[in-house]
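Reader: Could you walk me through the ligand site up close? I'd like the contacts and the surroundings in one go.

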Amino acid sequence: MDHFLYRNGALHAEDVAIAEIAAEVGTPFYCYSTATLERHYRLFEEALAGLDCLICYAVKANSNLAVLRTLARLGSGADVVSEGEFRRALAAGIPGERVIFSGVGKTRRELEFALQNNVRQVNVESEPELDLLNEVALALGVVAPFSMRVNPDVDAKTHEKISTGKAENKFGIAYEDAPRLFRKAAQMKGIRVVGVDMHIGSQLTDLEPYEQAYTLMRDLIERLEADGIPIPRIDLGGGLGVPYTRDNQPPPLPFDYGAMVRRVFAGMEDREFEIEPGRLIAANAGILVSEVVYVKENAGRRFLILDAAMNDLVRPALYDAWHDIDPVNEAPANAPTQPYDVVGPICESGDTFAKQRVMPNVSQGDLVVFRSAGAYGAVMASEYNTRPPAPEVIVSKDRFAIARPRLTYDDILGKDRIPDWLEDAEDASASTHTA
Ligand code: LLP
């Protein structure tokens, strides 16, 4: 459930009319709902109540500081995959002790940064990374909290670009190699073994792959402990899917997920658990609002040309992802519908949000929204075609605030530097002007 509902035919974010924000901020813009973020966080809390479980929100899903601060206030930890994300977590008030550092390519500098900022644990994904972490810790005179991301070779049955738990994927340490590397880590002076971790993919709509992976994890923990290596922490990763459309069977709820976790880890309740949800917390807590620039008919097709583009929301172009698209002014129940190709202004055909999408009639100047755009939306934006990415707004009850302003063209052009050997050219053009 989210808090983007129609009231008297006008779409609202909580108690604020979307049209009101559009009038003040301009389009396109992202709009987030505080109540929805909070609700989704609490769903996980309730689903895992009774277990000692830290929710480490996956910052990559939506790293806006206003979003992170909202979650930090609820006690959330963070799962980060770069120094930049680590800095965002700290800036939002999430202390290092609640930050998990994940990712296959952490650099020396990033490991140093993590250890200097009291990282909760580093989820190590390879033997060379283990060696480097030990070296960096010894050089800094600290002991690194080590958890191993294990690749269970389980098919998460999701889109191939966001599947991470198969042996062919770049992620994690092969299940067969895990015991040897845990023994190695346990001997290292700069390493303290704290846990084991798995993350098999994103937008999972079936609990079965989770159950397979977690059962393997449980077996591994039992083997390691029989070998004298205690594993006090279990990091279950993220990946629980969200409903992207109201027309399909919804994916399992956090409650169902929690019940499965309790079943698989029965008897291990004395451990600390961690989960790393991103999408489920943020996706349906955000929409992208856009205005119709033109409605164009070409060779029998009707194109809805919007002022948002793939540089704002790349998921349809990259993953053929579906986002429900709704008008801000609600269409009456029996209003006529027709198929539209919904596109942005960018100069490639990939800039297509939806083909032959059946929608109520919309006209030039109307506002439409993409639903479920709060996760992997703004964070994946770019300035392609020198378009300022959509700004971000956050709503709480009857208030809204700009959480990231729209860049000006001066901001964008001001980022570039013309090298000194080209500066003559500028003089030349200046002299042409003065001539
Ligand atoms: N933990 C790790 C180690 C991850 O790599 C990810 C996501 C998560 C947690 C959070 O997964 P979530 O709960 O959000 O599914 N850009 C893609 C999604 C990429 C997900 C990458 N890893 C998309 O737009 O669908």
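Author: A polar side-chain atom of K60 sits 3.3 Å from an oxygen atom of the ligand, which falls under a polar contact, meaning a pair of N or O atoms within 3.5 Å. Y376 also uses a polar side-chain atom, 2.6 Å from a ligand oxygen atom, while G278 brings a backbone N or O atom to 2.9 Å from an oxygen atom of the ligand. On its own the ligand exposes 600 Å², and the protein buries 92% of that (Shrake-Rupley areas with a 1.4 Å probe).

A caveat on where this comes from: it's a predicted model, with local features needing pLDDT of at least 70 and side-chain atom pairs counting only at pLDDT 80 or more, while totals for chains, interfaces and linings use all residues. Residues are numbered from 1 along each chain as its sequence is written, and side-chain values use heavy atoms, leaving out hydrogens and water.

Back to the shell: 18 residues surround the ligand, and S202, E276, R279, R315 and Y376 come nearest (a residue is near if one of its heavy atoms lies within 4 Å). That shell splits into 6 nonpolar, 6 polar and 6 charged residues, with Asp, Glu, Lys and Arg counted as charged, Ala, Val, Leu, Ile, Met, Phe, Trp, Tyr, Cys and Pro as nonpolar, and the others, Gly among them, as polar. Domain 1 (4-14 + 20-28 + 284-413) and domain 2 (103-275) both give residues to the shell, so the ligand lies between them; those bounds come from an automatic or database domain assignment.

Terms used:
Polar contact = N/O pair within 3.5 Å; in protein donor to acceptor, adjacent residues only side chain to side chain.
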